[in-house]
Amino acid sequence: MSTAVAGTNYLNYPKGLKSWLFTLDHKRIGMLYFFSILFFFLVGGIFALLIRLELMTPGFTIMGPDTYNKVFTYHGTVMVFMVIIPMIPAAMGNFILPMMLGAKDVAFPRLNLASYYVYLFGAMVALATLFFKGVDTGWTFYAPYSTRTGSAAGMMVMAAFIMGFSSIFTGINFIATIHKLRAPGQTWTRLPLFLWALYATSVIQVLATPVLALTLVLLALERVFGIGIFDPALGGDPVLFQHFFWFYSHPAVYIMILPAMGVISEVITVFSRKNIFGYKAMAVATFGIALVAFIVWGHHMFVSGQSHTANFVFSFLTMFVAIPTGVKVFSWVATLYKGSISFYAPMLYALAFLFVFTIGGLTGVVLATLATDVHLTDTYYVVAHFHYVMVGGTLMAFMAAVHYWFPKFFGRMYAEAPARVSWFLIFLGFNVTFLPQFIAGSRGMPRRYYDYVPEFTWLNQLSTIGSWLIALGFVIAAVYLAYALFKGPKAPANPWNSRTLEWESESPPPVENFSHDPVVRHGPYDYHWEAK
Amino acid sequence: MNGRLADTLPLAASDLATRWDDLYIWLFYVLLVFFFIAIGPMVYFAIKYRAKPGVKSSPAHDHNTPLEILWTAIPTAIVFAIFAWGWIVYKDMVTAPADSIEVRVIAKRWGWTFQYDDGRIFQNQLFVPKDKNVKLIMTSQMDDVLHSFFVPTLRIKQDLVPGMYTYIWFNVKMAGQHQVFCAEYCGTGHSGMLAKLVVLEPEEWQLWKWGKEVPLPPSVGVGSLAELGFKDEQLKNSRTASLSSEVLSDMPLPKLTLADQGRKLMESRGCMSCHSDNGSRLLGPSLHGLFGHETFLSNGRTTLADENYIRRSIEIPQADIVGGYEGVTMPPYAGQLSETEMNALIAYIKSLN
Amino acid sequence: MSSPHQSSSSVEHHVAHHFKDGEHEFLTAKQGMWLFLLQEVLFFSPLFVGYFIFRHMYYHDFHVAAQQLDWVMGAVNTVILISSSFTMARAVSNAQKGKREETVEALLFTILFAFGFLVVKYLEYSHKIHAGTLPGHFFHDAELLKAAPHAPLFFTFYFAMTGLHAIHVIGGIGILIWILMRARRGEFGPKYFTPVELTGLYWHFVDLVWIYLFPLLYLVG
């Protein structure tokens, strides 16, 4: 194992491609994840732009229905399994979690590296399906369509299976690390909320992912051998697939959003110089959401043919999600009270998160309500809702995290002015894209429609224009971040005056994270500590 | 009601659709209030407490127990009120009145088949009378995939699943052609899998019932701008039948009603040698008075003899043996009957009440 | 707990740099293993849930189909696996005491039992392939199909559940052989026996799954 040499950091020591590819350093693995995810985000984004372009006009615009079906399937699969799920835990979390704890590494570095390669392999298999006629099932793989379509669905399903293990490995690693590798003084009540969020996320990853993994194996076996579990002609039950699928995929939604909420807690406190409002309620709410996640999957199936009693129960239980979520939103806003707020890019993204996520959360209540869901489910209303949560929520939080930790990751500062322009374009473009989709949906436009009735044309065109604004925003972000990466001014150890442990180390950190063993003497958001 | 908000919804063509709108609009305003309660202070604080030289943030104000209890308890009460209202409307949306006219729906990629009690079959056109309760008994063809029957102007939607029956009902207050969409992704022709729900005035409905020429009413609500069908060539070809015509020409009634077709089928398959139609016990249980009643099974359970039960008992007789008939084996008919034949059999059994 | 004179550790184990000491490393690894096993439980769970659902739906067919299984074979395998768990426990306790010979011997027996289990499984599978009692489309026992049209679904679950379990046994054999070789090199002793302990946990889990499978498939049916 390499030891710290004066003047070196994790980026420049040890040198060589091999030292990166076989690294056991959590920071480097985090960076491998980070750049892989950026690549897949580009891929998924291109598919998104193609969808929007096709929907510019009713009927054929740039592609036929079969191509369109594949394009939206790849957009969904790439974004869900390769981007949003690992985006914050595996990339940001891998780098930050041990540093926030004051540890030298995660508990199982080799498992960590394995998780990255498992992820990469799964992602490669998923993209390889493009060369085998592609996949047209949608990212939900509903049976019996998925068992009967002639596309490479079996291969895609196995890719999702493989990537699932990457997620499980990361989850196991994070839980053990948080339990066993906290620095002296890093008590449970001093744990930054980002870590509480990662802990809750990991619990979901470990408990829910294997259910999906086995379900996908059964689906693949169904395709290859016709084993009959999901095939009504052989006595099986296609609705059972939906139960198994959503038992994972609903908690998976919280795998996507909880880490984002963690990021927001960090950023809001730092940039308003205030302790988080209601720390304990925040931590409890995080776990509340994670636990409720496991008992609400049936709300995706109100019109699937499941019994009315089941619908009653699932609608009732789903209402419990709203309560801790509301507590979190109110607490973030209350944190701003009597703060000293500065509007750097991370904070702008955090405020955008609050705005957009609140809309996403509230429309979730509309969909949890039995009667209203019947008309709105499987329409663009649902599409808009989950984009408000996953893009407006997770992606905004990811952008906040990237800007917030950029100095720590790379030891350089990004330029604030273009960051604000890019933020504005992304925020504006996002709302222009997805607000019209709520209206298209409530007016009755079903989702996954290649063609649509003429009434919906202007709404779709607005949405398409919005998608270009988002794209422009991200292009600007890519340019100034890439510039900062190589030419940006050197970053100090703690440019934002944060209180969490990762900022006590240099930027970028040395190989062993800290030059001295850290000891925690104050809470994570104690911005008035010196004064005492 | 609020005009602008109602603009975001399609025309409401039934009482339940109006009740749905009331719920939705109330919900919208409740959630809007919550949105402003959260985002209003956010904007206000962001402006008021922006960093100023020499002004430090407050070290206090990081908790307030009464406030936290309040913003936990009030939303809790409200979401459960929302839940309750949602359930009340939903319950009525899914409970078909007993006097409903029944139509059987079979979906397959990419078209809809509507089978009537008088024995007629229509493709992609569902004729119903105005102001009458109509119940649809729906399934997707066994070798097909999931579909979903969605009528935006009625705010109703229900998936169709191969191998089982699902139900939906409505009572339309507005004559006209209402757009039916498929709302569950089903492949190439998904967005072209359309039908028209043709709601007829009573006089036209009588003509239709006699199989006479009927003038078709105009399209209403969502889809009324569409030139009946889509522009895309590929989708057009995937359609099972064309919709465009202003008049439905004579649609003569077949010789046999659906139930008669079922009886004939039973006779030709030899079912009647074991199942009587008059309550007398042959080798198997009689079909008389079976439908819609509780049936005692050999395993001690009872089950309601609905469409799903009858279908299962024909396809897999061993699954549920009627009490008192243990040891009697009937050959399974799984895979041997078409969906229309199965509908005819069930209609016949139903007619024996 | 440690008895220095017996310690035969000839290869020194280095504690990874991010742990305080060997004990810290051991406890962390053990927690990781428990989390992995928790994941395993949920990995098996859809099969159990699916089995219960379909058994409820097609009670008669599943009952008839289950008669095709040979409960004697199942019982023999249960005894074999319980014995292997016993020898595995011996291996762990010997490794902890630094008794190299005894550890190797106990591991050897565990591996032998595991192979024994697979041989019995092989006999059962080949009998079923011969009889045509196979999952879904592959099922070709016309007689049984008549009596129980959903027998193929039962065999889907039978093969999926026992197959997934057998894959775990085969994986376990691989790990046991690796541990055996390390034990022979004398890598384990009172200070370091983590791999043996973790393999033991895994092996007991595999055993436990079978304890559930045996009555569920062979006896209850």
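**Exercise 1. A charged pair in chain B**

Asp320(B) has a relative accessibility of 14%; classify Asp320(B) as buried or exposed, then describe its salt bridge with Arg312(B).

*Solution.* A word on the model before we start. This is a predicted model, in which local features need pLDDT of at least 70 and side-chain atom pairs count only at pLDDT 80 or more, while totals for chains, interfaces and linings use all residues. Residues are numbered from 1 along each chain as its sequence is written, chains are lettered from A and ligands numbered from 1 in the order in which they are written, and side-chain values use heavy atoms, without hydrogens and water.

- Step 1: apply the accessibility classes. Buried means under 20% relative accessible area, exposed over 50%, and partly exposed in between (1.4 Å probe, protein chains only). With its 14%, Asp320(B) is therefore buried.
- Step 2: look at the pair. The side chains of Asp320(B) and Arg312(B) form a salt bridge, 3.1 Å from N to O. The rule asks for a side-chain nitrogen of Lys or Arg within 4 Å of a carboxyl oxygen of Asp or Glu.
- Step 3: check the partner. Arg312(B), with a relative accessible area of 22%, is partly exposed.
- Step 4: turn to the network in this chain. Glu102(B), Arg104(B), Asp117(B), Glu307(B) and Lys350(B) are joined into one network by salt bridges that share partners.

**Exercise 2. Links across the sequence**

Which parts of chain B does the pair Glu102(B) and Lys350(B) link, and which parts does the pair Glu201(B) and Lys130(B) tie together?

*Solution.* Let's take the two pairs in turn.

- Step 1: start with the distance. In the salt bridge between Glu102(B) and Lys350(B), the closest N and O atoms are 2.4 Å apart.
- Step 2: place the ends. Glu102(B) belongs to strand 1 and Lys350(B) to helix 8 (residues 339-351) of chain B, so this pair links distant parts of the chain, 248 residues apart. Here helices (H or I, at least four residues) and strands (E, at least two) are DSSP runs, numbered from the N terminus.
- Step 3: add the surroundings. Glu102(B) and Lys350(B) are both buried.
- Step 4: move to the second pair. Glu201(B) and Lys130(B) meet through their side chains in a salt bridge of 3.4 Å, N to O. Glu201(B) sits in the loop between strand 10 (195-200) and helix 4 (202-209), and Lys130(B) in the loop between strand 4 and strand 5 (134-140) of chain B, so the pair ties together parts 71 residues apart in sequence. Glu201(B) is partly exposed, at 28% relative accessibility.
- Step 5: count. Over all chains the rule gives 23 salt bridges.

**Exercise 3. Where chain A touches chain B**

Describe the interface of chain A and chain B: its buried area, its polar contacts and the helix of chain A that gives the most to it.

*Solution.*

- Step 1: the contact (heavy atoms within 4.5 Å) involves 91 residues of chain A and 87 residues of chain B.
- Step 2: the buried area is about 7500 Å², with 71% given by carbon and sulfur atoms. Buried area is the accessible area (1.4 Å probe) that two parts lose on being put together, summed over both.
- Step 3: zero salt bridges are counted between chain A and chain B, but 29 residue pairs are in polar contact, both at pLDDT 80 or more. A polar contact is a pair of N or O atoms within 3.5 Å; within protein, one must be able to donate a hydrogen and the other to accept it, and residues adjacent in sequence count only if both atoms are side-chain atoms.
- Step 4: among the elements of chain A that give two or more residues to this side are helix 3 (65-101), helix 8 (238-272) and helix 10 (308-336). Helix 10 of chain A gives the most, with 16 residues.

**Exercise 4. Unusual backbone**

Where is the cis peptide bond that involves Pro14(A), and what is the phi of Asn124(B)?

*Solution.*

- Step 1: recall the background. Most residues other than glycine have a negative phi, and most peptide bonds are trans.
- Step 2: the cis bond joins Tyr13(A) and Pro14(A), with omega about -5°. Pro14(A) lies in the segment before helix 1 (17-21) of chain A.
- Step 3: Asn124(B), not a glycine, has a positive phi near 60°. Its place is the loop between strand 3 (121-123) and strand 4 (125-129) of chain B, and Asn124(B) is buried at 0% relative accessibility.
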